[in-house]
Amino acid sequence: STLGASAVKVQVFAQKEWAKTTQAWWYAWHGQPIHERLLSNFGVAVLSDSGAPLAFAYIYPAAGSELAWLGFIVRDPFASALTAGRALKLLISAAETAAKRLGYPILYAATDSPAIKKLLNKRGYQLGSQVQEYFKELP
């Protein structure tokens with residue numbers, strides 16, 4: 001699917017309707033599963049003109065602060081580089097708009113993707129420290 005200016009839909013979602021697709025794409029890119037419980041109920045999707053998903057990001061508001069985390073940014077592993085690049089650009093822009101509308105003027109993102117790093121830099125994100133992410137399910 002190509003992605004032109006008139007051939008895209010941006011969807012803000014408030015449920016885990018794209019969880020299974022996100023999990024499949026995450027596994028395709030990273031070779032490890034991601035549990036659905038890690039995915040926020042709120043996020044942004046970029047869809048083709050036919051409604052096929054192209055990219056997702058999940059928004060996690062940080063209680064008691066002006067910060068929201070933009071997590072699990074992922075795109076269709078089978079999309080062309082051009083389509084993927086355009087979809088990611090729209091995705092980040094839409095996520096910024098959604099976070100601001102929710103009252104979060106600061107957006108934090110973590111990624112190991114060179115393409116996403118480049119996009120974030122172009123959009124004015126500041127590089128923080130080199131960190132490792134850790135998750136634990138609490139008993």
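**View 1. The largest nonpolar core, and who sits in the middle of the crowd.** This core has 23 residues, and the ones that touch the most other members are V44, I59, L70, I73, L88, L91 and I92. Several elements chip in with two or more residues: strand 2, strand 3 (53–61), strand 4 (67–75), helix 2 and helix 3. Which element gives the largest share of this core? That is helix 2, with eight residues. Keep in mind throughout these views that the model is predicted.

**View 2. V44 and its contacts.** Let's zoom in on V44, one of the residues that touch the most other members of the largest core. Setting aside neighbours within four places in sequence, V44 is in contact with V10, Q11, V12 and F13, with A55, F56, A57 and I59, and also with L91, A94, A95 and A98. There is a second, separate core too, made of 15 residues, and F13, L39, W69 and V74 are among them.

**View 3. Helix 2 from end to end.** Helix 2 covers residues 81–101, which makes 21 residues. At 1.5 Å a residue it should span 30 Å, and since its end C-alpha atoms are 30 Å apart, the model agrees with that expectation. Its buried residues are T83, A84, A87, L88, L91, I92, A94, A95, E96, A98 and A99. A handy thing to know when you look along a helix: with 3.6 residues a turn, residues three or four places apart point the same way. Just after helix 2 comes G103, with a positive phi of about 95 degrees.

**View 4. R123 meets E96.** The structure holds two salt bridges, and here is one of them: R123 pairs with E96, with the closest N and O atoms 2.6 Å apart. The pair ties together distant parts of the chain, as R123 is in the segment after helix 3 and E96 is in helix 2, 27 residues apart. Is E96 buried or exposed? E96 has a relative accessible area of 19%, so it counts as buried. R123 comes in at 34% relative accessibility and so is partly exposed.

**View 5. K20 meets E36.** In this salt bridge, K20 joins E36, and their closest N and O atoms are 3.4 Å apart. Again the link is between distant parts of the chain: K20 belongs to helix 1 (residues 19–30), while E36 lies in the loop between helix 1 and strand 2 (43–48), 16 residues apart. K20 counts as exposed because its relative accessibility is 61%. E36, with a relative accessible area of 26%, is partly exposed.

**View 6. Helix 1 and what covers it.** Helix 1 has 12 residues, so at 1.5 Å a residue it should span 16 Å; its end C-alpha atoms are 16 Å apart, and the two agree. The residues of helix 1 that are buried are A19, T22, Q23, W25 and W26. Strand 3 and strand 4 are among what covers them. After the helix comes G31, whose phi is positive, near 70 degrees.

**View 7. A nonpolar patch on the surface.** Now for the outside: L67, I106, Y108 and V131 make a nonpolar surface patch of about 330 Å². V131 is found in the segment after helix 3 (114–122). With 49% relative accessibility, V131 counts as partly exposed, because exposed means over 50%.

How values were computed
Residues are numbered from 1 along each chain as its sequence is written. This is a predicted model: local features need pLDDT of at least 70, side-chain atom pairs count only at pLDDT 80 or more; totals for chains, interfaces and linings use all residues. Side-chain values use heavy atoms; hydrogens and water are left out. Patches are made of residues with over 30% relative accessible area and no salt bridge: like charges are joined within 9 Å, nonpolar side chains (Val, Leu, Ile, Met, Phe, Trp, Tyr) within 5 Å. Accessible areas come from the Shrake-Rupley method with a 1.4 Å probe; for residues, only the protein chains shown count as cover. A salt bridge is a side-chain nitrogen of Lys or Arg within 4 Å of a carboxyl oxygen of Asp or Glu. Helices (H or I, at least four residues) and strands (E, at least two) are DSSP runs, numbered from the N terminus. Buried means under 20% relative accessible area, exposed over 50%, partly exposed in between (1.4 Å probe, protein chains only). The expected span of a helix is 1.5 Å times one less than its number of residues. A nonpolar core is a set of buried Ala, Val, Leu, Ile, Met, Phe, Trp, Tyr and Cys residues joined through side-chain atoms within 4.5 Å. Contact means heavy atoms within 4.5 Å.
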